[in-house]
Amino acid sequence: AESTTRAILLLLSDDYVRSTSEDARKGGVVALAASAIGLKKAANDSRPEVQECRDLILASVVHACQDHSTRVRYYATESLFNVVKVIPALAVQHFFVLFEILRSLYADVDVDVRSGAELLDKKLKEVIVGAIN
């Protein structure tokens, strides 16, 4: 099952998130966030292949947060919020990467992206404070 899941995630990442089509990139990040929700049950699973799937989702969504299209960045920000929400351990593990992405999203030219960054920031603070306590 993990190899099938990994293959689907790689397809979404390679063929959609990195597509030349803006709509495909938007769909790819939304699908990756949905995949994270599907992996929620395995959130505490420490098997390397499950961890690799979670890391792949995060890396692809973070990649999309740097897209040249404001709509893709907006969808990626929303997707990143959902990934952090359903797999908070991923946010703790990759805090510095998320902090850097958040910094760039706060400086975005698009008001919707900045608004999404604000929501992501609140969720990230909540997750980190929860992990400390």
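A residue is called buried when its relative accessible area is under 20%, exposed when that area is over 50%, and partly exposed in between. Keep those cut-offs in mind as we walk through this structure, which is a predicted model.

Let's try the words out on a pair of tyrosines. Y75 has a relative accessibility of 32%, so this residue counts as partly exposed. Its neighbour Y74 is partly exposed as well, with a relative accessible area of 23%. Together, Y74 and Y75 form an aromatic pair, with ring centres 5.8 Å apart and planes at 80° to each other, an edge-to-face arrangement. A pair of aromatic rings is described in just this way, by the distance of the centres and the angle of the planes.

How many aromatic pairs does a search of the whole structure find? There are three. One of them joins F95 and F96, again edge-to-face, with 5.4 Å from centre to centre and 75° between the planes. The two partners fall into separate classes of exposure: F95 is partly exposed because its relative accessibility is 26%, while F96 is exposed because its relative accessible area is 66%. F95 and F96 also belong to one aromatic cluster with F99.

Now let's turn to the interior. In soluble globular proteins, nonpolar side chains tend to be buried together. Here, the largest nonpolar core has 35 residues, and I57, L80 and L98 are the ones with the most contacts inside it. Which elements give two or more residues to this core? They are α1 (2-17), α2 (22-38), α3, α4 (70-86), α5 (88-93), α6 (95-106) and α7 (111-132). The largest share comes from α3, which supplies seven residues. Look at I57 for a close-up: leaving aside residues up to four places away in sequence, I57 touches L9, L32, S35, A36, L39 and V83.

Helix α3 covers residues 48-64, and S60 lies within it. Is S60 buried or exposed? Its relative accessibility is 1%, so S60 counts as buried. Residues that S60 touches, again not counting those up to four places away in sequence, are S13, V17, R18 and L32.

Next, follow some contacts between parts of the chain that are far apart in sequence. T5 is found in helix α1 and is partly exposed, because its relative accessibility is 28%. Although T5 and C53 are 48 residues apart in sequence, their C-alpha atoms are 7.5 Å apart in space. T5 touches C53 and also L39, with residues up to four places away in sequence left out.

Charged side chains make links too, and the count of salt bridges comes to eight. In one of these, the side chains of E52 and R6 meet with 2.6 Å from N to O. This pair links distant parts of the chain, since E52 is in helix α3 and R6 is in helix α1, 46 residues apart. Both partners are partly exposed: E52 has a relative accessible area of 36%, and R6 has one of 34%. Another salt bridge joins D112 and R71, whose closest N and O atoms are 3.6 Å apart. Here too the link is between distant parts of the chain, with D112 in helix α7 and R71 in helix α4, 41 residues apart. D112 is partly exposed at 35%, and R71 is partly exposed at 28%.

Helix α7 makes a good last stop. At its N-terminal end, D110 acts as a cap, with a side-chain oxygen 3.1 Å from the backbone nitrogen of D112. The helix has 22 residues, so at 1.5 Å a residue it should span 32 Å; its end C-alpha atoms are 31 Å apart, which agrees. An α-helix has 3.6 residues a turn, so residues three or four places apart point the same way. K123 and E126, both in α7, are three residues apart, about one turn of the helix. Their side chains meet in a salt bridge of 2.8 Å, N to O. K123 counts as buried because its relative accessibility is 13%. Other buried residues in α7 include V113, G116, A117, L120 and L124. What covers the buried residues of this helix includes α4, α5 and α6.

Terms used. Residues are numbered from 1 along each chain as its sequence is written. This is a predicted model: local features need pLDDT of at least 70, side-chain atom pairs count only at pLDDT 80 or more; totals for chains, interfaces and linings use all residues. Side-chain values use heavy atoms; hydrogens and water are left out. Rings of Phe, Tyr and Trp (its six-membered ring) pair if their centres lie within 6.5 Å; planes under 30 degrees apart count as stacked, over 60 as edge-to-face and the rest as tilted. Buried means under 20% relative accessible area, exposed over 50%, partly exposed in between (1.4 Å probe, protein chains only). Helices (H or I, at least four residues) and strands (E, at least two) are DSSP runs, numbered from the N terminus. Contact means heavy atoms within 4.5 Å. A nonpolar core is a set of buried Ala, Val, Leu, Ile, Met, Phe, Trp, Tyr and Cys residues joined through side-chain atoms within 4.5 Å. A salt bridge is a side-chain nitrogen of Lys or Arg within 4 Å of a carboxyl oxygen of Asp or Glu. The expected span of a helix is 1.5 Å times one less than its number of residues. A polar contact is a pair of N or O atoms within 3.5 Å; within protein, one must be able to donate a hydrogen and the other to accept it, and residues adjacent in sequence count only if both atoms are side-chain atoms.
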